[in-house]
Amino acid sequence: MSPAGIPAGIPAGIPAGMADLVVVGSGIVGLGAAYAAARRGLSVIVVDRADAPVGATIRNFGHLCIGAQAGEARRYADASRDLWLRLSRDAGFWLRESGTLVAARHADEIAVLEHASAEGGIRMLETDELLRRAPLRAEGLVGGAHIETDLQTDPRTAASAIVRHLSRLGVEFRFRTAVTAVSGGRVDTTRGAITAGAVVVAVNHDIDQLLPEVAERVGVVRCALDMMRAAVTLRHPLAAPLLTGWSLVRYGRFADGPAAAALRERLHAERPDLAALDLNQMYTQLPDGTLIIGDSHSTSTAPDPFQPEAAFAAFLAEAEALFDMPAPRVLERWQGVYAKAAQDFLIDRGDEGVLVLAATTGIGMTTGLGLAEENLTAAFGWAPAMEGSS
């Protein structure tokens, strides 16, 4: 077993075998594909060059931001919500139906929230109620909102728990195994070839390594983000993930329209330093009480691995200004990387029997399970999963 307690890669010399579905990549989209197939009674092999999920699937807030999405993303997010709830029960990892809080510190943020709340699923909050739910400084707050459908998990424990659960369902994981080529009916790996009835490629930004022609055609690049986890002393726990005005100009349900344009213009004029970081000022509190703080965004085909201290200094300053607390004690800093393209999702059918999937924006945890479920059904003509199947 690996240190995370998930099945280790197969030893050299084990026959390559065959499967109804071979999934390349063990991130949330790949796990969603394996889960969809296993619930239909199909044999599944998941191949990953690492020894556990180590990419964007574990380097995030654990915020399943369903109610802030629009259009296609909302459809996938709604489907993902049901799957997350089912998996948390069956796989036994922490997840809460917390919704999401939004702290508003200006009238233009209230205007954006009120416009979005007209569609339902978002409840406006007076300042007093927001303060009962979030340990914030009262100074400067003008109200807020609660996005009702959102969920929160701990990404570090959820991914490994899903792997263990899928293993119990019969999914075979071949970790520490790199895929070198994919074609209809065959996956070549560093441990030999696998015969496949169908193949799903779910390698996120590494699509430019395995299938560069697909990445170039849709314009996939990498988005690198800085995040941190801190020990904090709060007067009471944070009841749900917390968004701010900087978040409202990012998410589809809020970001369109004249109210959001005015908000964006003000934020960028007042704080060009934070705008230069492409800030999403948001927070989640984990079950151990620590606070995840972030995050910045930088897009490139090959992002610089060196993280500027200015970004982390800004995160801490903004957290101290928002929360009623002493200075946080930083425990960890990290860089996350995810695929980014002009469209929110990469859905590509190249060779017959090969489906390429990725969330090409920062909402993979929110939408990935639904993205896999819906598109595998459409691509391979699968019947719906049997009721009661794990």
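Let's start at Ser80, which has its place in helix α2. Keep in mind as you look around that this is a predicted model. Is Ser80 buried or exposed? Ser80 counts as buried because its relative accessible area is 0%, and buried means under 20%. Leaving out residues up to four places away in sequence, Ser80 touches Thr366, Thr367, Gly368, Leu369 and Gly370.

Now widen the view to the whole of α2, which covers residues 71–91. How far apart are its end C-alpha atoms? With 21 residues at 1.5 Å a residue, the helix should span 30 Å, and the end C-alpha atoms are indeed 30 Å apart, so the two values agree. Ser80 has company among the buried residues of this helix, which include Ala73, Tyr76, Ala77, Leu83, Trp84, Leu87 and Ala91. It helps to know that an α-helix has 3.6 residues a turn, so residues three or four places apart point the same way. Try stepping from Ala73 to Tyr76, Ser80 and Leu83 on that list of buried residues. Just after α2 comes Gly92, with a positive phi of about 75 degrees.

What does α2 lie against? Look for an open sheet of 3 strands, in the order β3-β8-β4, with antiparallel pairing. Its edge strands are β3 (63–64) and β4 (95–96), each of which pairs on one side only. Helix α2 packs on this sheet and touches β3, β4 and β8, and its direction makes about 40 degrees with that of β8. Strand β8 (residues 151–153) is joined to β4 by 2 bridges, and these two strands run antiparallel. Leu95, for example, has Thr153 in β8 as its bridge partner.

Strand β8 also holds Gln152, a good residue to pause on. With a relative accessible area of 0%, Gln152 is buried. What does its side chain reach? One polar contact, of 2.8 Å, joins the side chains of Gln152 and Arg96. The side chain of Gln152 also reaches the backbone oxygen of Gln285, at 2.9 Å. Setting aside neighbours within four places in sequence, the residues in contact with Gln152 include Gly62, Trp94, Leu95, Thr284 and Leu286.

Gln285 takes us to strand β15 (residues 282–285). In a regular strand the side chains alternate between the two faces of the sheet. Here Met282 and Thr284 point one way, while Tyr283 and Gln285 point the other way, and all are buried. Strand β15 is joined by 4 bridges to β16 (residues 291–294), and the two run antiparallel. Within this pairing, Tyr283 has Ile293 in β16 as its bridge partner. The hairpin of β15 and β16 has 5 residues between the strands, and in it Gly289 takes a positive phi near 95 degrees.

Tyr283 is also in contact with Phe323, as are Pro135, Leu136, Leu234 and Leu291, among others. Phe323 leads us to the largest nonpolar core, which has 108 residues; Trp84, Leu136, Phe254 and Phe323 have the most contacts inside it. Helix α1 (residues 28–38) gives the most to this core, with 9 residues. Apart from this core lies another, of 24 residues, among them Ile194, Val214, Ala341 and Leu346. In soluble globular proteins, nonpolar side chains tend to be buried together.

For a contrast, finish at His115 in helix α3 (residues 107–117). His115 counts as exposed because its relative accessibility is 55%, and exposed means over 50%. The C-alpha atoms of His115 and Arg253 are separated by 9.6 Å, although these residues are 138 residues apart along the chain.

Note on methods
Residues numbered from 1 in each chain as written. Predicted model: local features only at pLDDT ≥ 70, side-chain atom pairs only at ≥ 80, totals over all residues. Heavy atoms only, no water. Expected span 1.5 Å × (residues − 1). Buried < 20%, exposed > 50% of the residue type's maximum accessible area, 1.4 Å probe, protein only. Pairing = 2+ DSSP bridges. Contact = heavy atoms within 4.5 Å. Axes fitted to C-alpha atoms, helices over the stretch in contact; angles between N-to-C directions. Polar contact = N/O pair within 3.5 Å; in protein donor to acceptor, adjacent residues only side chain to side chain. Core = buried A, V, L, I, M, F, W, Y, C linked by side-chain atoms within 4.5 Å.
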